[in-house]
Amino acid sequence: MERTTIISGQNLRDMFEIATNWLEKSAADIDALNVFPVPDGDCGTNMLLTMRSSLEEAFRAADHDISAIAQAMAKGALMGARGNSGVILSQIWRGIAETLQDKETANSQDIAAALVRGSEMAYKGLSNPVEGTMLTVMREAAAAAQQLASDGSSDVIAVLEATVDASRDSVANTPNLLSVLKEAGVVDAGGEGLYTLFDGALRYLRGEAEEMKLRKPQLVVADIHAAGLPQMEVEPEVPYGYCTEFLLKGESLKPDEIRAKLEKKGQSVIVVGDEMAVRVHIHTLRPGTILNYASRVGTMHDVNIRNMDEQHQDFLKMQKERMPAINIATVAVVSGDGLAEVFRSLGVAGIVPGGQTMNPSTRDLLQTAEA
């Protein structure tokens, strides 16, 4: 395979157009993983819609150098950001655009630096960053890219390969960092979406665009003993409230002050943007209070308020529909990944890793049987 030492603005746009199509194929599967911060089943969809908005702006860009395209994609992502994952994704694009500003093309060092800055901006936008989420996946993927570029690699494809490999490993490890994922037996949905985007971009650069039309992304599987679909409470002990999102426009807006004010009024607060436009995301029991405050700061656009308790019920229904209709399930104790795949292909519902002694604990057997 030929080395790729630079990419243009058109390359960047086309990479992520193909990557977005790649994400679309697994958006519903990623939705089914979505258990944090709220099990509402829309993470993959939110990332997809955010990327579509980003690309729409990119195709409208007058200039085609990488700076202009990255700036357009960052603007489109901010304007169209949906949900927790979409707003974080918009911050990643903002960091990428900052690094690529005033550049006609980008080399491997530029790409690595842009990914690192994207990670930094993603953390900066959250009032309470949580590890084991797409934040962790982005940080570890960017670190791998930076390490390879620092070692002297001038091949953009090689840097992206390091990014994809690191993001895959990071996604697989998310349940070990976030207990709610481990309990549900799933990886982080946002991290899965991010890995899928990177994977799609890499495959495009490798010349696999036509081949991708006939394939579907392979989800990263949690490297844990739990099996089966996420097990959720039918009714949460405390209401989830309303996911409240809007774009705030004005002059001399102060995102940090707005974030500090909203932190007292809800959960999962994300406030990102600049003096002219700020994207707000918050989970609150009283959306009217949030809108009342925002209306005094600037003008609101694209207001979206969703009842998360209803979303949770829809998520439970979706999970129930995905659950295989069987009266008897088989659990097998198996040694090695190869045999595990064989047993799964034969219809075994749960696999318990036996290890070298083939003597798993009673707890492992019980958890798998209950799942």
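This is a chat about how some helices and strands pack in a predicted model.

Trainee: Anything I should know before we start?

Mentor: Residues count from 1 along each chain as its sequence is written. The model is predicted, so to speak, with local features needing pLDDT of at least 70 and side-chain atom pairs counting only at pLDDT 80 or more, while totals for chains, interfaces and linings use all residues, and side-chain values use heavy atoms, leaving out hydrogens and water.Trainee: Okay, at what angle do H11 and H12 pack?

Mentor: Helix H11 (residues 255-262) and helix H12 (residues 287-297) pack at about 155°, with axes 12 Å apart. That makes H11 roughly antiparallel to H12, a word used for angles over 145 degrees. Axes are lines fitted to C-alpha atoms, for helices over the stretch in contact, and angles run from 0 to 180 degrees between N-to-C directions. Helices (H or I, at least four residues) and strands (E, at least two) are DSSP runs, numbered from the N terminus.

Trainee: Which residues of H11 meet H12?

Mentor: Glu257, Ile258, Lys261 and Leu262 in H11 meet Ile290, Tyr293 and Val297 in H12; contact means heavy atoms within 4.5 Å.

Trainee: New topic: in what order do the strands of the open sheet come?

Mentor: The order is S4-S5-S3-S6, with antiparallel pairing. Two strands pair if DSSP finds at least two bridges between them. At the edges are S4 (267-273) and S6 (299-307), each pairing on one side only.

Trainee: How many bridges join S3 to S5?

Mentor: Eight bridges join S3 (residues 242-249) to S5 (residues 277-284). Leucine 248 stands opposite valine 278 in S5.

Trainee: And which strands does H3 touch?

Mentor: Helix H3 (residues 66-80) packs on the sheet and touches S3, S4, S5 and S6.

Technical notes:
Side-chain values use heavy atoms; hydrogens and water are left out. Angles under 35 degrees count as roughly parallel, over 145 as roughly antiparallel, 65 to 115 as roughly perpendicular and the rest as oblique.
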